[in-house]
Amino acid sequence: QKEKREMHDSKEDPRVFQKGRPEYRSLSYDKSEPIETLPLEEGDLILHSVAICKGRQSPGTIADHFRKLSCLPVEQHATLLSKPRFNTLCRCAVENIGLFSTSDLIDILKACIRLVVPPTHPLLNACENEFCRRVWDMNLDQLLLVADCWRCLERSVPSYLSILFSYANMHWKDLTLPQFVQFVYIVGEGRRSPVDLAQKVESMILKYFDSFTLEEVGAICLGLFKSLSSISDHVMRKIADRVSLQMEDMSTYALVNVLKMLRYSRMDHLPILKELGKIIPTRIPTTNIQGIMHITLTCSSLHYFDEGIMAAVAMSLPSKVTYCRSKDAAKFLWSFGCLDYEPPNEEEFYSSLIEQMHRKLHEFRKFPEHLLTALLGLAFVKRFPEELIDYALRDEFVQKTRGSKYELKKDLFTLSKSVEIECPGYQGSRLPPQLYEEITEMVLNFAEQEIYVRPEIVEAASLLESMLGGPEYVKKHMILPHTRSSDLEVHLAMDGHPIPFNLKDPIAAKKLKDIGVSLTDDLMTQLITGRSNSQSPVEVENEARTPGQEGGEEARTPRAGDCAALSGGALTTDARLQVEPKLRRSLEVPPSLALNQPPLEVKLAIQVSNRNHYCYCSKRLLGLHCLKRRQLRQLGYVVVELPFWEWFPLLKRTRSEKLSYLHYKVFDPAL
């Protein structure tokens, strides 16, 4: 029973709505329709008559033979299909295909469904061609029934569907409610969206909206989702409004289908999400794994965090994890990482999913995007399964990603660079340098065109330049290109004075060499005694430098260990300071020499955030942005936030108010 409950039947589950009205019996094949079993002896007599007559039987008799033979006991069906006399019957049907009445031809299709005739069988080829020829002589009920039969036979019939869509377009105003819902179901199962019908579909949804059952609402949403059909915000919101009020009366399957369309439409509908938090946690234990995955993915896709939903998912998942496909495991890990949520049973939750990933490694070879999705979700919450990462960064796997329908270079880049920063002991595969360069250039080009030009960033950079003394004091760039968002970098000396560092010409670089702050006795006294013990520790990077990156600029290459710590107001002289020579071998500096190092500085990474960096209607950072801030701190930066709820309203205020705010942020005594 558990096996049956957990396994999603992609052929039968979407058809549940057909049980809600008697009208669907004429529009769809009813698998549950009772039939009288044919005795084996009668089946043998039919096959014997086929052999004797050798093609001289009438079309009506041939159709009747198919009807009766399909009523043989199920365990006899495979044997029947392999018998030469049954093949003779099929040949007779093909030879007489144009002579059958439409109802007889439909009955032959139904018989083929019961007998589980392979979708590529020659008889079905002939039937498809004949139905395409007859479309304009059939009524809409028959056309929809035949389309439903093709779905039950799992046969792709694009030509037939194209003609069906044209027919429906011409008779659109005559569609009854059941005909419309069945039509949308067929559109979804065919994974094809008739563009010229999009507006008409919307008008029909609105026409029958109050009369749809909740199962029919779910079926319509699933059909639209599967065919990638967009609908207007108005219609989607109307559907969400109804579901939010009637969710308790809705089956979980229908609800999940609505959530799929909500996710596809990027609809931020708070009432349905809040109601979901009340209704769905108690249903999670009895929902199959794919349904749970879609619920979880809806929350993460819409950046909506509800701890009740996520905790219920986490508690149920370990016992169900063996039913996860590679896709399901990946989406769970992505969703939890995206929302930066580590559940109460985090060790059991993550270890069970990572074990399942190992079991499904063969599927990742076919769907490489799922492995990268999973590993990024894990990286967001600081988990790095080295064997799987090594596999994902091998040349062989990287080549497989090139054949994916998704652009996966950026995901590879984010994963590889994150491992480089957060797993210094990692010895596995890495991306080749030329691929790093290629992706970095792609990301930076995108940033130039789409990110750096955003008004909130342009304004912050301009005002910081005015406040600090010029463009050489502020650098607008991506400190960590693999995190895909920009930073405003500012350097401060330990006495709080800004340090110019963004110098792009030789003269400016010459000026840079003469600028610094002397580490005087007064300054040391201030550092040691002038801070309260309540202040949080701040990491300050030393002046170790490597050859420059931009036009001869001497830029730092920060490393996790290259810092002295200011903890509790005192400069800890046993802090490990490192310098990095060209050979990239870290050399420890004896503590006794630490005070003879060049002047120390604080490097600020100022974050101009927007709503998309946070969970919906909250101040909870999303996983990628938590990862970015964690890595910036690990590299010695102090992260300064200009959160959108503070900065965006200020954009409409006076220049002096904005400058005052930025001055407070940059020169915060806590820094």
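## Close-up views of a predicted model

**View A. Val-640 is a buried residue, with a relative accessible area of 6%.** Let's start inside this predicted model. The 6% counts as buried because the cut-off is under 20% relative accessible area. Val-640 belongs to strand 10, which covers residues 637-642. Look for Glu-489 as well: 151 residues separate it from Val-640 in sequence, yet their C-alpha atoms are 9.8 Å apart in space.

**View B. Helix 19 runs over residues 346-359.** How far apart should the ends of this 14-residue helix be? At 1.5 Å a residue, the expected span is 20 Å, and the end C-alpha atoms are indeed 20 Å apart, so the two agree. Several of its residues are buried, among them Phe-349, Leu-353, Ile-354 and Met-357. An α-helix has 3.6 residues a turn, so residues three or four places apart point the same way. The buried residues of helix 19 pack against helix 17 (307-320), helix 18 (326-338), helix 20 (361-366), helix 21 (368-380) and helix 22 (386-392).

**View C. Helix 26 (residues 455-468) meets helix 31 (residues 655-666).** Their axes come within 10 Å and cross at roughly 75°. That angle makes helix 26 roughly perpendicular to helix 31. On the helix 26 side, the residues that take part include Glu-459, Leu-463 and Met-467; on the helix 31 side, they include Arg-655, Leu-659 and His-663. Which classes of residue make up this contact? It has seven nonpolar, two polar and three charged residues.

**View D. His-303 and Cys-617 are two loop residues with a positive phi.** His-303 has a phi of about 60° although it is not a glycine. You can find His-303 in the loop between helix 16 (289-301) and helix 17. Is His-303 buried or exposed? It counts as buried, at 18% relative accessibility. Cys-617, also not a glycine, has a phi of about 55°. Its loop lies between strand 9 (601-608) and helix 29 (623-634). Cys-617 counts as exposed, because its relative accessibility is 59% and the cut-off is over 50%.

**View E. Confidence varies along the chain.** The mean pLDDT of the protein chain is 85, and 84% of its residues reach 70 or more. Over residues 505-520, however, the pLDDT is below 50, and this stretch has 15 contacts in the model beyond near neighbours in sequence. Residues 523-596 also stay under 50, and there the model has 138 contacts beyond four places in sequence.

Note on methods
Residues are numbered from 1 along each chain as its sequence is written. This is a predicted model: local features need pLDDT of at least 70, side-chain atom pairs count only at pLDDT 80 or more; totals for chains, interfaces and linings use all residues. Side-chain values use heavy atoms; hydrogens and water are left out. Helices (H or I, at least four residues) and strands (E, at least two) are DSSP runs, numbered from the N terminus. The expected span of a helix is 1.5 Å times one less than its number of residues. Buried means under 20% relative accessible area, exposed over 50%, partly exposed in between (1.4 Å probe, protein chains only). Contact means heavy atoms within 4.5 Å. Axes are lines fitted to C-alpha atoms, for helices over the stretch in contact, and angles run from 0 to 180 degrees between N-to-C directions. Angles under 35 degrees count as roughly parallel, over 145 as roughly antiparallel, 65 to 115 as roughly perpendicular and the rest as oblique. Ala, Val, Leu, Ile, Met, Phe, Trp, Tyr, Cys and Pro count as nonpolar, Asp, Glu, Lys and Arg as charged, and the others, Gly among them, as polar. pLDDT is the predictor's confidence in each residue, from 0 to 100.
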